[in-house]
Amino acid sequence: MKGVVFLGERRLEIRDFPDPTPGPGEVVLEMKASGMCGSDLKFYRASASGGAASLGLGGKGGPVIAGHEPCGVVVAIGPGVPENQAWMGMRAMQHHYRGCGVCPHCSTGWMQLCVEGVAEVYGVTGNGGHAKYLKCPARTLVELPEELSFDAGAAISCGTGTAWGALQRLQLQGDHTIAVFGQGPVGLSATLLAAEMGARVIALDTSDERLQRAKEFGADELINPKNTNNVVQAIRELTHGRGAHASLDASSSPQARVQAVQCVRTWGKACFVGEGDTVTLDVSNDLLRRQVTLIGSWTFSSVGQAECARYVADREIDLDRLFTHRWKLDQAEEAYGIFDKQTEGKGVIHPS
Ligand SMILES: [Zn+2]
Ligand SMILES: [Zn+2]
């Protein structure tokens with residue numbers, strides 16, 4: 001089978017890999033949709049040796065198939081897989097991490113927090129979804145609700161699920177105002193879900209195109225930091241001088257992170273989900289004096305992934321419109337070239 005490999009420095013290659021055979025406890029998914037996530041740009045743009053290492057994800061080195069938003073159908077099952085865990089033809093998303101499976105974090109669905117260290121991040125340190133087939137432990141599958149498309153399942157498998165996880169951590173309520181920094185796939189999903197939950201959303205992005213899309217997805221107020229002297233002041237003015245109840249940074253920009261902390265009201269909560277880079281805070285003034293809670297949120301558990309999918313299905317939220325581009329596997333180069341500009345919506349690859 002063909003698989004997409006990131007070479008670093010904005011180069012990628014389509015290489016030949018053997019079709020996988022499932023071992024004990026494993027299944028093979030035929031990929032129907034493999035999403036392109038904002039964090040893939042970190043690996044796509046990385047120096048030739050190591051986006052994964054720079055994000056603290058380890059890895060054995062060597063080229064792996066990219067794509068960490070896998071969604072498809074079970075087409076092969078290895079020995080010892082319980083019938084209620086996976087079955088032929090099962091429509092499934094994949095929780096894209098492998099851990100030991102038995103430690104306190106793994107057994108509660110947080111494989112990425114495994115006490116042994118995460119053994120594999122699919123699409124980053126292990127073969128991911130940008131290929132016709134993906135082999136993984138059956139326990140990493142999350143059933144896709146019948147109502148949802150494979151594309152929607154791919155979105156939930158990282159970008160939208162990550163937004164969901166962050167909003168859960170923030171305990172967002174319908175009477176809250178939230179400022180969402182960055183309207184890429186994660187930020188836009190946060191805007192969409194927060195608006196659906198009844199919250200008032202202030203969306204921020206340096207691309208007017210992305211802001212316009214945020215408005216279509218339910219944002220009440222739009223701020224382009226490029227045209228705004230004082231972003232924190234602008235958010236205060238939109239909240240009667242008090243600041244937002246909550247903020248979420250999906251931009252990874254050090255400056256936006258500071259603003260995300262400063263723009264919340266006293267007792268407010270700020271949540272960082274964007275990967276990489278740093279932040280410098282004035283601890284006393286930005287955090288302590290205002291009783292601010294600062295949360296770091298890394299994706300979601302397999303249980304949370306199932307809950308997010310159920311929520312999206314029950315509320316009939318149209319995630320398919322997150323995608324502005326749908327690609328075949330052999331168009332990967334063009335697909336990432338366009339995604340790299342960070343003005344468009346989300347892309348998805350349909351490997352089969
Ligand atoms: Zn574990
Ligand atoms: Zn991701």
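## Zinc ion (ligand 1)

In this predicted model, the donor residues of the zinc ion (ligand 1) follow the spacing C-x2-C-x2-C-x7-C along the sequence. Two of these donors, Cys103 and Cys114, are eleven residues apart, and each is placed in the loop between β6 (97–98) and β7 (120–121). The protein donors are the SG atoms of Cys100, Cys103, Cys106 and Cys114, lying 2.4 Å from the ion.

The site is tetrahedral, with angles of 102 to 117° among the four donor atoms. For comparison, the ideal angle for four tetrahedral donors is 109.5 degrees. Cys103 has a relative accessible area of 6% and is therefore buried. Cys114 also counts as buried, at 6% relative accessibility.

## Zinc ion (ligand 2)

The zinc ion (ligand 2) is coordinated by Cys37 through SG, His68 through NE2 and Cys158 through SG, at 2.0 to 2.2 Å. Along the chain, its donors are spaced C-x30-H-x89-C. Cys37 sits in the loop between β3 (26–35) and α1 (40–45), while His68 sits in the loop between α2 (51–54) and β4 (70–77), so this pair ties together parts that are 31 residues apart in sequence.

Are Cys37 and His68 buried or exposed? Cys37 has a relative accessibility of 3% and counts as buried. His68 likewise counts as buried, at 3%. The cut-off behind these assignments is a relative accessible area under 20%.

## Salt bridge between β6 and β7

The count of salt bridges comes to 13. One of them joins Arg98 to Glu120, with the closest N and O atoms 3.2 Å apart. Arg98 is in strand β6 and Glu120 in strand β7, 22 residues apart, and the pair links distant parts of the chain. These are the two strands that flank the loop holding Cys103 and Cys114.

The two partners fall into separate accessibility classes. Arg98 is partly exposed, with a relative accessible area of 27%, whereas Glu120 is buried at 14%.

## Salt bridge between β16 and α3

Arg326 forms a salt bridge with Asp151, and the closest N and O atoms are 2.8 Å apart. Arg326 belongs to strand β16 (residues 323–328) and Asp151 to helix α3 (residues 150–156), so the contact ties together parts that are 175 residues apart in sequence.

Arg326 counts as partly exposed, at 40% relative accessibility. Its partner Asp151 counts as buried, at 8%.

## Salt bridge between β11 and β12, and a network

The side chains of Arg200 and Glu221 also meet in a salt bridge, at 3.3 Å from N to O. Which elements does this pair tie together? Arg200 lies in strand β11 (residues 200–204) and Glu221 in strand β12 (residues 221–223), so the parts brought together are 21 residues apart in sequence. Arg200 counts as partly exposed, at 25% relative accessibility. Glu221 is partly exposed as well, with a relative accessible area of 25%.

Arg10, Arg45 and Asp340 are joined into one network by salt bridges that share partners.

Definitions and conventions: Residues are numbered from 1 along each chain as its sequence is written. Chains are lettered from A and ligands numbered from 1 in the order in which they are written. This is a predicted model: local features need pLDDT of at least 70, side-chain atom pairs count only at pLDDT 80 or more; totals for chains, interfaces and linings use all residues. Side-chain values use heavy atoms; hydrogens and water are left out. Donors are N, O and S atoms within 2.8 Å of the metal (3.2 Å for Na, K and Ca); water is not among the atoms, so sites may look incomplete. Helices (H or I, at least four residues) and strands (E, at least two) are DSSP runs, numbered from the N terminus. Buried means under 20% relative accessible area, exposed over 50%, partly exposed in between (1.4 Å probe, protein chains only). Four donors count as tetrahedral if all angles lie between 85 and 135 degrees; four count as square planar and six as octahedral if opposite donors are over 155 degrees apart and all others between 65 and 115; anything else is irregular. A salt bridge is a side-chain nitrogen of Lys or Arg within 4 Å of a carboxyl oxygen of Asp or Glu.
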